[in-house]
Amino acid sequence: FSYSNTGFNVLELLVEEVTGRDFAEYMSHEVLLPLGMRHSTLVWSKNLQPAVPFGYDLCCRPIPVYVYPDKASGGLFATVKDMATFVTAGMTNFSGKGRKVLDAQSIHQLYTPVVKISGFYGLAFDAYGLGHFIEKLPDGLKAVSHGGQGSGWMTHFYSVPETGDGVVVLTNSQRSWPFFAQILKDWAEWNGFPAVGMARILQGQRALWGFITLLLLVSLWQSWRLARGLLSGKRRFALRTGQNMFLRATQGGFSLFLASGLLWAINQDYLFLSAVFPIASGWLGVSILLTACVLLFSVLFPYNNFKRRNSK
């Protein structure tokens with residue numbers, strides 16, 4: 001498994017090559033309209049109803065509607081009702097809409113594991129089928145899901161086809177990962193399902209907040225020690241003298257490492273950690289900066305080891 005928008009764009013070209021039709025037109029007549037998704041399209045128009053709202057990026061800056069040159073990997077404009085229609089079309093025991101496009105056996109193939117997932121996505125999902133993430137719930141039920149994010153928006157759907165339960169969440173913000181996790185956690189509890197994999201984002205968020213709190217407490221404690229040493233005269237500015245030169249060199253190196261890492265992160269156009277933990281990641285940056293500064297001041301203002309000479 002490897003995340004690849006390009007793979008879906010190749011499929012778009014393949015559909016056009018095989019059918020001799022424009023991809024958007026083909027999808028509209030062969031998939032969307034047969035399913036009853038009449039408010040969905042792969043062709044942008046300012047007259048879409050309901051109107052597409054502005055999106056908001058990780059820094060909460062508004063972004064006008066962004067139209068991708070390719071369509072298959074993220075060019076669908078749809079309402080939440082139409083997306084719910086799409087999700088129910090895959091519940092063959094409860095709906096016959098999907099059979100207007102694929103037979104029941106083909107729909108089940110979509111939800112059949114093809115490859116096991118490792119890495120970050122493996123924390124939330126067990127396998128990947130044909131265009132669907134697959135999760136085996138502790139009670140033996142199979143859940144399927146997929147989502148997406150782009151310039152100013154994030155979406156996700158989660159479905160348990162065997163029970164006929166599903167949820168669709170569309171947002172116009174790139175800061176929605178924790179929101180999705182909370183919605184799915186509450187939805188699962190409401191339906192009596194075991195905890196879903198994406199709820200681990202909330203566990204990760206709590207762990208990150210704990211780490212941030214620890215960093216801040218240690219930094220504040222060391223700041224207090226620095227202030228007390230400076231006021232008492234036990235610490236003073238020194239570069240080549242002072243106690244524990246090896247410790248000071250280590251502290252200085254670690255301070256530079258933290259500062260350079262933080263500078264690198266700030267200059268990235270997109271950082272996955274910031275997307276998954278949009279609020280906590282900001283505080284993580286603050287705590288890392290404070291830690292780097294405290295370490296640097298500890299190096300520059302060490303405990304002095306100068307002995308005063310007695311005058312006679």
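Trainee: Let's start with the second largest pocket. How many of its lining residues are nonpolar, polar and charged?

Mentor: Happy to begin there. The lining of the second largest pocket divides into 16 nonpolar, 8 polar and 4 charged residues. Keep in mind that this is a predicted model.

Trainee: What is the volume of that pocket, and which residues lie nearest its centre?

Mentor: The second largest pocket has a volume of about 770 Å³. Its lining has 28 residues, and nearest the centre lie Ala265, Ile266, Gln268, Leu271 and Ser274. The elements giving two or more residues to this lining are α7 (245-266), α8 (272-276) and α9 (280-300).

Trainee: Which element gives the most to the lining?

Mentor: That is α7, with 7 residues.

Trainee: Now for the sheet. How should I read it?

Mentor: Here is the general idea: strands of a sheet pair through backbone hydrogen bonds, either parallel or antiparallel. In this model there is an open sheet of 6 strands in the order β3-β4-β5-β6-β7-β8, and the pairing is antiparallel. Two of these strands, β3 (115-116) and β8 (165-171), stand at the edges; each has a single partner strand, so one side of each is left without a neighbour in the sheet.

Trainee: How many bridges join β4 to β5?

Mentor: There are 2 bridges between strand β4 (residues 127-128) and β5, and the two run antiparallel. You can find Ala127 opposite Ile134 in β5. The hairpin of β4 and β5 has 4 residues between the strands, and Gly131 in its turn has a positive phi of about 80 degrees.

Trainee: And what joins β5 to β6?

Mentor: Strand β5 (residues 133-136) is joined to strand β6 (residues 142-150) by 4 bridges, again antiparallel. Follow the pairs along β5: Phe133 stands opposite Ser145 in β6, while Lys136 stands opposite Lys142. This hairpin has 5 residues between its strands, with Gly140 taking a positive phi near 95 degrees.

Trainee: Which residue in the turn between β6 and β7 has a positive phi?

Mentor: Look at Gly152, where phi is positive at about 95 degrees; the β6 and β7 hairpin has 2 residues between its strands. Beside that turn, Gly150 has Trp153 in β7 as its bridge partner. Further along the pair, Val144 stands opposite Ser159 in β7. In total, 7 bridges join β6 to strand β7 (residues 153-160), and these strands run antiparallel.

Trainee: Let's turn to the helices. What span does α1 reach, and what is expected?

Mentor: The idea is to compare the distance between the end C-alphas with a rise of 1.5 Å a residue. Helix α1 (residues 5-19) has 15 residues and reaches 21 Å from its first C-alpha to its last, close to the expected 21 Å. After α1 comes Gly20, with a positive phi near 70 degrees.

Trainee: One last residue, Thr213. Where does Thr213 lie, and why does Thr213 count as partly exposed?

Mentor: You will find Thr213 in helix α6 (residues 200-232). Thr213 counts as partly exposed because its relative accessibility is 40%, and that class runs between the buried limit of 20% and the exposed limit of 50%.

Trainee: Which backbone oxygen lies 2.8 Å from a polar atom of the Thr213 side chain?

Mentor: The backbone oxygen of Trp209 does. Thr213 also offers a lesson in comparing sequence with space: Ser287 is 74 residues away in sequence, yet the two C-alphas are 8.2 Å apart.

Key
Residues numbered from 1 in each chain as written. Heavy atoms only, no water. Buried < 20%, exposed > 50% of the residue type's maximum accessible area, 1.4 Å probe, protein only. Polar contact = N/O pair within 3.5 Å; in protein donor to acceptor, adjacent residues only side chain to side chain. 1 Å grid on protein atoms, 1.4 Å probe; cavity = no way out; pocket = protein on both sides within 12 Å on 5 of 7 lines; lining within 4 Å. Points joined across faces, edges and corners; volume = space filled by probe spheres on them. Nonpolar A, V, L, I, M, F, W, Y, C, P; charged D, E, K, R; others polar. Pairing = 2+ DSSP bridges. Expected span 1.5 Å × (residues − 1).
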